[in-house]
Amino acid sequence: MNMEVRNAQRPASQLDLSNGIPCTAQEPLLQIHDLRIEFRGKDETVVAVPGLSLDVMRGESYGLVGESGCGKSTTAMAILGYLGRTGAVTNGSIRFDGEELVGASPRQLRKVRGRRIAMVYQDPMSALNPVRTIGAQLAEVPRIHLGTGRAQALEMARAMLRDVRLPDAGDMLKRYPHQLSGGQQQRVVIAMALLARPSLLLLDEPTTGLDVTVEAAVLDLIAELRHRYQTSLLFISHNLGLIAESCDRLGIMYSGELVEEGATGEIFRRPRHPYTQGLIACIPDVDSDKHSRSLAAIPGHIPLPQERPQGCLFGPRCDGFVAGSCDRVDLKPDEVEPGHQVKCARWRDFSRREEAAVVVPDGDRDAGDAICLTNVTKLYGTSRGRSLKANEAVTFSVKEAEIVALVGESGCGKSTLARIVTGLDQATSGQIRLADRNIAELQARARPKKLLQSVQMIFQNPDSTLNPSHSAAFSIRRSLIKFGIRKGKAAVDRRVRELLEMVRLNPDLAERKPEQLSGGQKQRIAIARAFAADPSLIVADEPVSALDVSVQAAVVTLLLDIQRANKTTMLFISHDLALVRHVADKVVVMYLGKVMEQGTVAEIFGGAAHPYTQALLSSIRSTDPDRSKAAHIQLRGEMPSPVDVPRGCRFATRCHRKLGICEQEAPPLRRLSSSHEILCHIDPTAGQTVSDGATRSADITREPAND
Amino acid sequence: MTRFLCKRLIMMMVTMLCASFLVFAVCEFSPGSVARKSLGPFATQQQVDLLSKKLRATDPLPVRYSRWLGVLLGLIPDPLQAPDSGLNFNDPRGAQYFGNFGYSTLNKLPVNDVIWNRLKNTAVLAGLAFALIVPLSIIFGILSGLKEGGALDRFLSVICITFTSIPEFASGVFLVTLFVILWPLLPGTSQLDPGSGWSIPSQLVLPVAVLVIYDFGYVARMIRVSMIGVMERPFIRTAVLKGMNTRQVIFGHALRNAMIAPFTVLLLQINFLVSGVVVTELVFAYPGFGRLLLDASLFGDIATLEAATLVTVAIAVTTQLVGDLGYMLLDPRIRVK
Ligand SMILES: Nc1ncnc2c1ncn2[C@@H]1O[C@H](COP(=O)(O)OP(=O)(O)O)[C@@H](O)[C@H]1O
Ligand code: SF4
Ligand code: SF4
Ligand SMILES: [Mg+2]
């Protein structure tokens with residue numbers, strides 16, 4: 001039935017492709033030539049994109065990568081002729097399937113939008129109309145473009161929801177966007193985009209803001225659907241690592257222009273432009289931990305459109321800048337080899353620079369426990385006398401000067417635990433020993449000053465620690481004075497300056513208000529504030545996940561340097577496993593409030609034994625193009641509500657290795673070594689080896705599965 | 001849902017009780033006693049004192065309030081109607097029945113004979129005005145919010161702001177000058193008297209026009225602001241980039257979202273139209289509820305005032321309930337299970 005519906009209205013694009021490949025292969029589907037986009041303000045005109053040229057071939061997946069603000073979204077919007085009232089294309093052309101889109105009439109545009117070019121947005125929640133059902137919003141597409149009747153449109157929507165693997169499609173049609181999770185919403189948006197079988201799909205950061213496991217599933221879905229529907233992709237992201245696997249070709253965009261373009265493998269193996277090299281070096285690699293490599297950061301920030309330098313736009317941030325050749329106005333892209341372009345005056349002068357292999361001496365491994373959690377449980381009362389288990393019997397310890405990472409999907413209780421440790425919340429039971437005290441039920445206001453000083457927190461969003469009406473240095477100064485770290489105005493001021501230097505911020509920024517600082521700068525201030533108190537323990541809750549990748553690298557490197565210099569103990573909360581591998585000494589994996597596995601970085605990343613950890617690890621995108629076709633374990637369904645924790649193993653509803661006993665009995669704690677333990681019915685030491693157990697399971701979905 | 005409704009109904013009762021008690025307490029401070037008002041200015045002080053005693057008007061406030069409540073609920077007979085009061089107040093419904101609002105000292109009639117008729121007149125006026133205000137303000141608001149700062153927005157905004165800022169009496173006088181004096185198409189007063197030679201509908205035209213002119217611009221401005229906000233939301237972009245035309249975007253996606261916030265404001269206009277249109281009623285000598293309320297409070301006619309207050313509060317709390325229910329209908333995110 002579904003197939004019939006689908007075939008009945010399968011439009012010409014399918015046919016075009018099947019009989020047209022030989023003759024149209026050379027002609028790009030989308031051809032952007034010398035595109036210039038301006039935004040006219042009241043008193044100044046911003047040139048968001050000065051001159052961009054790129055082609056997307058039929059059936060190709062093209063990745064457009066660059067830091068935020070470089071003009072990626074603007075380009076996508078220009079393709080669809082949607083630049084708002086202030087924006088305009090002032091030069092160049094956008095040809096789609098032979099048709100010029102610049103200056104197209106509204107009628108012409110309406111025929112293209114949603115029908116031949118569709119879009120998937122960054123924030124699916126806000127992209128969907130909150131007051132209309134999913135079904136109504138989906139059915140609109142075939143009704144507008146294919147003239148389908150209501151009932152048939154709904155039937156097509158239902159079929160499409162099944163294609164994007166949403167459970168219970170019929171029920172889903174009647175739901176409202178707020179009743180779905182972020183991942184489900186994004187699937188709905190993807191379904192909506194594909195309903196009219198467009199030949200080009202624009203994806204603007206489609207997974208930013210989603211959990212890693214959800215992100216992996218969405219990317220897999222896009223890859224699969226792309227093959228099934230033979231759609232070309234223009235995949236926009238600030239994360240090079242993320243889209244490496246999904247794209248055939250990459251364009252690296254910087255401040256509105258392409259600085260390098262080439263096949264994905266080629267770009268990764270032989271990046272020529274210093275900016276590309278910097279971006280690649282920013283990606284934390286799952287294959288290396290912090291003891292073997294340090295993240296390189298690209299210093300500085302992307303210039304505002306008004307302050308673009310002459311010649312190479314990357315010049316001010318480039319180590320290789322040479323006056324006379326780099327600042328020439330007639331700088332042109334150069335061909336490295338057919339299909340690989342680079343816009344750098346000096347690319348021949350340097351091949352890829354090896355990142356300095358900073359070997360960090362192993363810390364004192366026999367140090368005592370700095371903080372020790374035993375059976376920490378946190379219940380929140382909900383209405384009708386039920387309780388929500390945010391944490392259940394969490395037990396682990398952190399040695400002095402060690403970094404322990406807490407990982408798990410959002411909602412698994414990481415932040416609750418952080419709040420209890422810092423005294424923003426109170427445990428229901430259990431012990432947290434810190435400096436010979438039990439602080440589990442001691443809230444911040446009951447804590448003595450000394451204790452408050454010794455535990456500091458860094459939040460995901462620096463705005464929550466910085467007072468918007470005071471200068472950036474104010475919070476640092478306040479911390480110094482409050483805890484009596486320095487006495488006297490001169491001493492305090494000197495220390496503020498030292499701290500700013502420590503986080504590599506220009507002291508001139510100290511008197512600025514937070515709103516005048518970038519996200520990365522604010523997070524540096526927050527770090528300086530945390531370290532101002534001379535803490536023995538830092539709790540960092542997703543400290544860099546709100547930042548751009550290039551800034552992330554800089555902030556993480558900085559945090560690690562300071563932590564090492566001060567021998568601070570750190571609880572590092574993150575959902576980014578690649579980053580965790582890079583940062584942590586020890587990893588604690590949580591699921592639904594309980595610790596599923598814990599071990600050293602080597603133990604977790606070298607031989608994770610718990611099915612949940614294995615699933616998390618397999619969801620990390622590899623940046624190595626040659627390795628990217630490995631099988632992914634896909635977690636089915638959603639994390640259950642912490643109010644209704646499944647009996648037996650709490651992971652059983654989604655586990656790909658579930659045994660018969662798992663839904664009945666709680667799994668035992670198994671010790672695999674003095675530092676490695678898991679909570680699972682499967683004994684990894686018995687019988688079959690598990691080193692690569694993932695690939696044996698029947699439930700694993702391999703990428704482009706069956707078509 | 002039933003639980004929600006029960007809760008709300010109880011809340012409504014409590015609100016009405018509080019409001020009636022407040023009015024009772026405030027009337028304490030109005031000059032002249034109940035007895036004096038009942039007997040009129042020509043009664044001797046002795047007669048007044050005697051009646052005060054019979055009515056036990058010196059009892060403490062809560063006692064008297066409970067007595068009033070008792071009369072209203074039909075638990076006790078109205079003391080003013082007692083034959084020995086010598087007032088000759090007589091309600092054909094009897095002295096003790098449920099819903100007995102007492103005797104109006106101003107009109108020397110049972111309150112129930114006074115208010116319902118007035119309320120009906122006002123309901124006609126308010127209903128007609130509301131029926132025009134809703135579509136007009138939505139059309140104006142949506143059209144001007146569609147493109148903030150555009151020519152249409154500026155044109156419509158000028159109309160809305162001008163109309164709203166003209167006081168009711170000014171537009172009343174202006175319209176009367178135009179349609180009654182210069183171009184005698186309509187009657188100058190609207191006493192709803194069929195014997196005046198003007199049909200009832202023709203008598204309603206001017207008062208309704210004055211109300212609409214005064215009120216719709218304000219609501220339209222509210223809808224405009226909300227519409228501007230909605231047009232900037234990403235889901236509108238989604239709709240446009242689906243290939244929908246402007247009409248489809250407005251009716252399919254913008255309208256309902258844009259109505260969520262102004263919905264309460266719109267309903268509040270009902271309250272305004274029922275009790276706040278004294279000026280219009282005065283200008284056109286319209287026998288409406290607002291004037292009744294004004295007269296009663298100037299005279300200190302407690303019984304009428306209490307009745308009118310209860311009716312107004314009842315309308316207010318009902319519109320609020322309707323508002324909340326409509327809210328849920330418009331916005332699925334706040335629907336209760
Ligand atoms: N409506 C607008 N008015 C003025 N400038 C804009 C507008 N939209 C985007 N810009 C500017 O255009 C540049 C590119 O922005 P954007 O396309 O959003 O980048 P990206 O998607 O790569 O993060 C930025 O400098 C931004 O400030
Ligand atoms: S042109 Fe010069 S400044 Fe620009 S990237 Fe190349 S080396 Fe660096
Ligand atoms: S106990 Fe069973 S369900 Fe739980 S993780 Fe282990 S195998 Fe999976
Ligand atoms: Mg963007």
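This is a short talk on a predicted model, covering its chain A–chain B interface, one helix, one buried aspartate and three ligand sites.

Hi everyone, and thanks for coming. Let's begin where the two chains meet. On the chain B side, 24 residues are in contact with 24 residues of chain A. Putting the chains together buries about 2,200 Å², and carbon and sulfur atoms give 61% of that area. Which residues of chain B lose the most area to chain A? They are B:Arg237, B:Leu241 and B:Lys242, which together account for 31% of what the chain B side buries.

Now for the polar side of that interface. There is 1 salt bridge between the two chains. Its partners are B:Lys242 and A:Glu140, with the closest N and O atoms 2.5 Å apart. So please keep B:Lys242 in mind, as it also appears in that trio losing the most area. Beyond the salt bridge count, 12 residue pairs are in polar contact across the chains, with both residues at pLDDT 80 or more. As for secondary structure, α9 (234-241) and α10 (246-260) of chain B each supply at least two residues of the side that touches chain A. By class, that side of chain B divides into 8 nonpolar, 7 polar and 9 charged residues.

Next, let's cross over to chain A and look at helix α6, residues 134-145. In this helix 9 of the 12 residues are buried, so the rest of the structure largely encloses it. Among the buried ones are A:Leu138, A:Val141, A:His145 and A:Glu140, and you'll recall A:Glu140 as the salt-bridge partner of B:Lys242. What do the buried residues of α6(A) pack against? Within chain A, they pack against α4 (106-112), α7 (150-163), α8 (169-173) and α9 (182-194), and α10 of chain B joins them. After the helix comes A:Gly147, with a positive phi near 65 degrees.

Back in chain B, I'd like to show you B:Asp301. It is found in the loop between α13 (289-299) and α14 (302-330). Is B:Asp301 buried or exposed? It is buried, because its relative accessible area is 0%, and the cut-off for buried is under 20%. Its side chain makes polar contacts with the side chains of B:Thr304, at 2.6 Å, and B:Thr105, at 3.4 Å. Leaving aside neighbours within four places in sequence, B:Asp301 is in contact with B:Tyr103, B:Ser104, B:Thr105, B:Leu106, B:Asn107 and B:Ala296.

Last stop, the ligands. Around ligand 1 we find, among others, A:Phe39, A:Glu67, A:Lys72, A:Thr74 and A:Pro305. Three distances to its oxygen atoms are worth pointing at on screen. A backbone N or O atom of A:Gly69 lies 2.6 Å from an oxygen of ligand 1, and one of A:Cys70 lies 3.3 Å from such an oxygen. In the side chain of A:Ser73, an N or O atom is 2.6 Å from a ligand 1 oxygen.

Ligand 2 has 13 residues around it, the closest being A:Cys312, A:Cys318, A:Cys326, A:Cys344 and A:Ala345. That shell has 9 nonpolar, 3 polar and 1 charged residues.

Finally, ligand 3 is surrounded by residues including A:Cys649, A:Cys655, A:Cys662, A:Cys680, A:His610 and A:His681. The shell of ligand 3 divides into 9 nonpolar, 2 polar and 1 charged.

That's the tour, so over to you for questions!

Conventions. Residues are numbered from 1 along each chain as its sequence is written. Chains are lettered from A and ligands numbered from 1 in the order in which they are written. This is a predicted model: local features need pLDDT of at least 70, side-chain atom pairs count only at pLDDT 80 or more; totals for chains, interfaces and linings use all residues. Side-chain values use heavy atoms; hydrogens and water are left out. Contact means heavy atoms within 4.5 Å. Buried area is the accessible area (1.4 Å probe) that two parts lose on being put together, summed over both. A salt bridge is a side-chain nitrogen of Lys or Arg within 4 Å of a carboxyl oxygen of Asp or Glu. A polar contact is a pair of N or O atoms within 3.5 Å; within protein, one must be able to donate a hydrogen and the other to accept it, and residues adjacent in sequence count only if both atoms are side-chain atoms. Helices (H or I, at least four residues) and strands (E, at least two) are DSSP runs, numbered from the N terminus. Ala, Val, Leu, Ile, Met, Phe, Trp, Tyr, Cys and Pro count as nonpolar, Asp, Glu, Lys and Arg as charged, and the others, Gly among them, as polar. Buried means under 20% relative accessible area, exposed over 50%, partly exposed in between (1.4 Å probe, protein chains only). A residue is near a molecule or strand if one of its heavy atoms lies within 4 Å of it.
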